[in-house]
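Okay, everybody, thanks for coming. Let me put the structure up, and then I'll walk you through it.

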Amino acid sequence: MDFFMQRAVELAIDNVKSGGQPFGAVLVKDNDIITEGVNELHKNYDVSGHAEMLAIRRAQEQLQTLNLSGYTMYASGEPCPMCLTAMYFAGIDHVYYCQSVEDAVQVGLGKSQFIYEELRKSKEERTVKMKQMILQEGKESPLELWQKKS
Ligand SMILES: [Zn+2]
């Protein structure tokens with residue numbers, strides 16, 4: 001197995017041994033590990049504490065940038081929609097993963113697969129109910145304000 005993937009899997013195994021979920025991630029640039037992360041849902045009350053999210057957050061903080069294009073994510077498990085979205089926002093365009101979303105379902109970790117299915121549905125069919133509320137006439141629009149400023 002690839003060295004970086006081996007490290008991501010090792011992080012995931014260590015995390016399980018210390019009471020966490022089986023996910024580890026390594027963010028790589030030019031053949032160097034820049035940051036790492038493991039799923040920390042067992043440690044903090046923060047649903048965004050996924051391995052990939054934490055690796056991205058740490059890299060952006062460390063490098064003082066939002067732009068991680070040219071970086072490669074190695075994740076022990078296929079990224080969930082939240083982590084994948086963060087990769088889109090950060091410009092990470094290469095992701096290697098080991099165990100798939102379907103593999104995770106087999107051990108009772110089915111949330112990612114459920115959310116991927118939800119995202120394929122129309123807004124009206126989703127479990128999370130969303131309703132647009134139109135800006136009151138004459139009220140300042142945040143989007144228009146932003147457009148004027150930029
Ligand atoms: Zn995730």
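**A walk from the sheet to the zinc site**

So, let's start in the middle of the sheet: Leu-27 has Met-73 as its bridge partner in β3. Keep in mind as we go that this is a predicted model.

That pair belongs to the contact between β1 and β3, which pair in the antiparallel sense over 4 bridges. Now look to the other side. Opposite Leu-27, in β2, stands Thr-35. Here β1 and β2 are antiparallel too, joined by 6 bridges.

Okay, a quick general reminder: strands of a sheet pair through backbone hydrogen bonds, either parallel or antiparallel. Which case do we get for β3 and β4? Those two run parallel, with 5 bridges between them. If you want a pair to click on, Ala-75 has Tyr-97 as its bridge partner in β4.

Put that together and you have an open sheet of 4 strands, in the order β2-β1-β3-β4, with mixed pairing. The edges are β2, residues 32-38, and β4, residues 94-99, each pairing on one side only. From one strand to the next, the twist averages 15 degrees.

Two helices to point out here. Helix α1, residues 3-17, packs on the sheet and touches β1, β2, β3 and β4, and its direction makes about 150 degrees with that of β1. Helix α2, residues 51-63, also packs on the sheet, where it touches β1, β2 and β3, with about 130 degrees between its direction and that of β2.

How buried is β1? Of its 6 residues, 5 are buried, so β1 is largely enclosed by the rest of the structure.

Over in β3, have a look at Thr-72. Is Thr-72 buried or exposed? Thr-72 has a relative accessible area of 16%, and because the cut-off for buried is under 20%, it counts as buried. Leaving out residues up to four places away in sequence, Thr-72 touches Val-26, Leu-27, Val-28, His-94 and Tyr-96.

**Loops and phi angles**

Now some backbone angles. In general, most residues other than glycine have a negative phi. So here are some that go the other way.

β1 and β2 form a hairpin with 2 residues between them, and Asp-30 in that turn has a positive phi of about 50 degrees. Asn-31, in the loop between β1 and β2, isn't a glycine either, and has a positive phi of about 65 degrees. Asn-31 is exposed, at 63% relative accessible area.

Then there's Gln-64, in the loop between α2 and β3. Again not a glycine, Gln-64 has a positive phi of about 50 degrees, and with a relative accessibility of 63% Gln-64 counts as exposed. And for a glycine, there's Gly-91, which follows α3 and has a positive phi near 85 degrees.

**The zinc and the pocket**

On to the metal. Which residues coordinate the zinc ion? They are His-50 through ND1, and Cys-80 and Cys-83 through SG, at 2.0 to 2.3 Å. Along the chain those donors follow the spacing H-x29-C-x2-C. Both cysteines, Cys-80 and Cys-83, are buried.

Cys-83 takes us into α3, where the buried residues are Pro-81, Cys-83, Ala-86, Met-87 and Ala-90. What do they pack against? They pack against α2, β3, β4 and α5.

The largest pocket has a volume of about 470 Å³. Its lining takes in 24 residues, and the closest to the centre are His-50, Cys-80, Lys-111, Ser-112 and Ile-115. So His-50 and Cys-80 turn up as zinc ligands and again in that list. Elements giving two or more residues to the lining are α2, α3, α4 and α5. Which one gives the largest share? That's α5, with 4 residues.

**The whole chain**

Zooming out to finish: the chain has 6 helices and 4 strands, running α-β-β-α-β-α-β-α-α-α from the N terminus. The C-alpha trace spans about 60 × 35 × 25 Å along its principal axes. Of the 150 residues, 34% count as buried. And among contacts between residues at least 6 apart in sequence, 47% join residues at least 24 apart.

Right, that's the tour.

How values were computed. Residues are numbered from 1 along each chain as its sequence is written. This is a predicted model: local features need pLDDT of at least 70, side-chain atom pairs count only at pLDDT 80 or more; totals for chains, interfaces and linings use all residues. Side-chain values use heavy atoms; hydrogens and water are left out. Two strands pair if DSSP finds at least two bridges between them. Axes are lines fitted to C-alpha atoms, for helices over the stretch in contact, and angles run from 0 to 180 degrees between N-to-C directions. Contact means heavy atoms within 4.5 Å. Donors are N, O and S atoms within 2.8 Å of the metal (3.2 Å for Na, K and Ca); water is not among the atoms, so sites may look incomplete. Buried means under 20% relative accessible area, exposed over 50%, partly exposed in between (1.4 Å probe, protein chains only). On a 1 Å grid over the protein atoms alone, a cavity is a set of points where a 1.4 Å probe fits but cannot get out, and a pocket is an open set with protein on both sides within 12 Å along at least five of seven lines; lining residues have an atom within 4 Å of a point. Grid points are joined across faces, edges and corners, and a volume is the space filled by probe spheres set on the points.
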